[in-house]
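Hi,

Here is the structure I promised to pass on. Have a look at it first, and then read my notes below.

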Amino acid sequence: MILSQFRSRSLDRPPASRLRISVTIPAQNEEDLIEDCLHGLKAQVDRWGDPLDPDLYEVILLVNNSTDRSVEIAHRFASLYPDFRLHIIDIVLAPRHAHVGWARRLAMEEALGRFRHMRHPGGVIAATDADTVVAPDWVAETLAAVDAGADGVGGKLMLPPVSLLDAEPRLREATLRHRRYERLTHRLASLLDPDPFDCWPRHGDHGGASLAATAHAYVRAGGMPALATGEDQAFYARLKRTGARFRHSNRVRVFTSDRQDGRAAGGMAATLAGWRSHLANGNDIFVECPDAVVGRLTAKLHGQGNRVPLDEALPALGRRVMELR
């Protein structure tokens, strides 16, 4: 009902008959990054490197409460590439709703409505972020995971080729060490609590920068929670609670901004800013200790246990993985 007053004229056009995936993007004051995001989506290829059929996918960009040129840039992009199925929604939300969770839900509900119009419950509703550039085969690999039986798909978050962290070697190194810690915890999980569908090799990312679900799984999970922060993690939990088969595919990749002045509280930008402050003050970055990780994975503990410095946890966690292997 809200969107009916603000929908783009392009959304009045029915979906392409071959539409398989609708990509949703919430955006607020992203004039510096939105064009790169759209270029990445326009330049999609299939698994053999040939240009992807443009009728297979569309993009729904929902810009809310922006005071910069985000909408203008998006419309200019749409006019330059008329074959690129880009739908733009420009909306002003009430202050209590002017956050990424609400905007993401509105965009995904719009995508759901289009698949309902097609009577296509197997259509895929995907999400990415305006500060993210998807890999050239992101759409194709997401669809391949769904074709292999996935109800939901999480993409691997990677640093952009030219990183802002290049100018801050200590922070970059800490970020890479933390990613290694995450990989080791996911390797432990694959050994101690294996998921036959989400088998190794895999990763552990299911953030809003690369998240997808079939329309059927989306409805069964109750949709995207309209939370001010952590809506993506909450949606993943909903999918798992409803029995969705979720795949963390290493072949689905995105390059997300490593800026430290992000739009969402508690997001990657806030994490990087916090680590930067810790390092500047000579403090350690603390993570869940290996014993607590093992206990949680074997159902002996609930929640996070003791926390230890990252540099202390990494070798201990590596030894645990080697022992189990």
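Which residue forms a salt bridge with arginine 105? The partner is glutamate 109, and the closest N and O atoms of the pair are 3.7 Å apart. (A salt bridge here is a side-chain nitrogen of Lys or Arg within 4 Å of a carboxyl oxygen of Asp or Glu.) These two are four residues apart in helix 3, so about one helical turn separates them. Arginine 105 is partly exposed at 26% relative accessible area, and glutamate 109 is partly exposed too, at 29%. (Buried means under 20% relative accessible area, exposed over 50%, and partly exposed in between, using a 1.4 Å probe and protein chains only.)

Before you go further, a word on the model. It is a predicted one: local features need pLDDT of at least 70, side-chain atom pairs count only at pLDDT 80 or more, and totals for chains, interfaces and linings use all residues. Residues are numbered from 1 along each chain as its sequence is written, and side-chain values use heavy atoms, with hydrogens and water left out.

Now the overall picture. The protein has 10 helices and 10 strands. (Both are DSSP runs numbered from the N terminus: helices are H or I with at least four residues, strands are E with at least two.) Of its 325 residues, 49% count as buried.

Back to the charged pairs, since the structure holds 22 salt bridges. One of them joins aspartate 53 and arginine 18, with the closest N and O atoms 3.0 Å apart. Aspartate 53 sits in the loop between helix 1 and strand 2 and arginine 18 in the segment before strand 1, so the pair ties together parts that are 35 residues apart in sequence. Both belong to a network of salt bridges that links Arg18, Asp53, Asp55 and Arg85.

Another one pairs arginine 104 with glutamate 231, at 2.9 Å between the closest N and O atoms. Arginine 104 is in helix 3 and glutamate 231 in helix 7, so this pair ties together parts that are 127 residues apart in sequence. Are these two buried or exposed? Arginine 104 is buried, and glutamate 231 is as well.

Next, the nonpolar side. The largest nonpolar core has 36 residues, and those with the most contacts inside it include Ile21, Leu41 and Trp138. (A nonpolar core is a set of buried Ala, Val, Leu, Ile, Met, Phe, Trp, Tyr and Cys residues joined through side-chain atoms within 4.5 Å.) Helix 4 gives the largest share of this core, five residues. A second, separate core has 28 residues, among them Leu93 and Met224. Isoleucine 21 touches Phe115, Val124 and Leu143, among others, not counting residues up to four places away in sequence. (Contact means heavy atoms within 4.5 Å.)

Finally, try finding histidine 203, in the loop between helix 5 and strand 7. Histidine 203 counts as buried, at 6% relative accessibility. Its side chain reaches the backbone nitrogen of aspartate 205 at 2.9 Å, and a polar atom of that side chain lies 3.1 Å from the backbone oxygen of serine 249. Leaving aside neighbours within four places in sequence, histidine 203 is also in contact with residues including Gly154, His186 and His248.

Happy browsing!

Note on methods: Polar contact = N/O pair within 3.5 Å; in protein donor to acceptor, adjacent residues only side chain to side chain.
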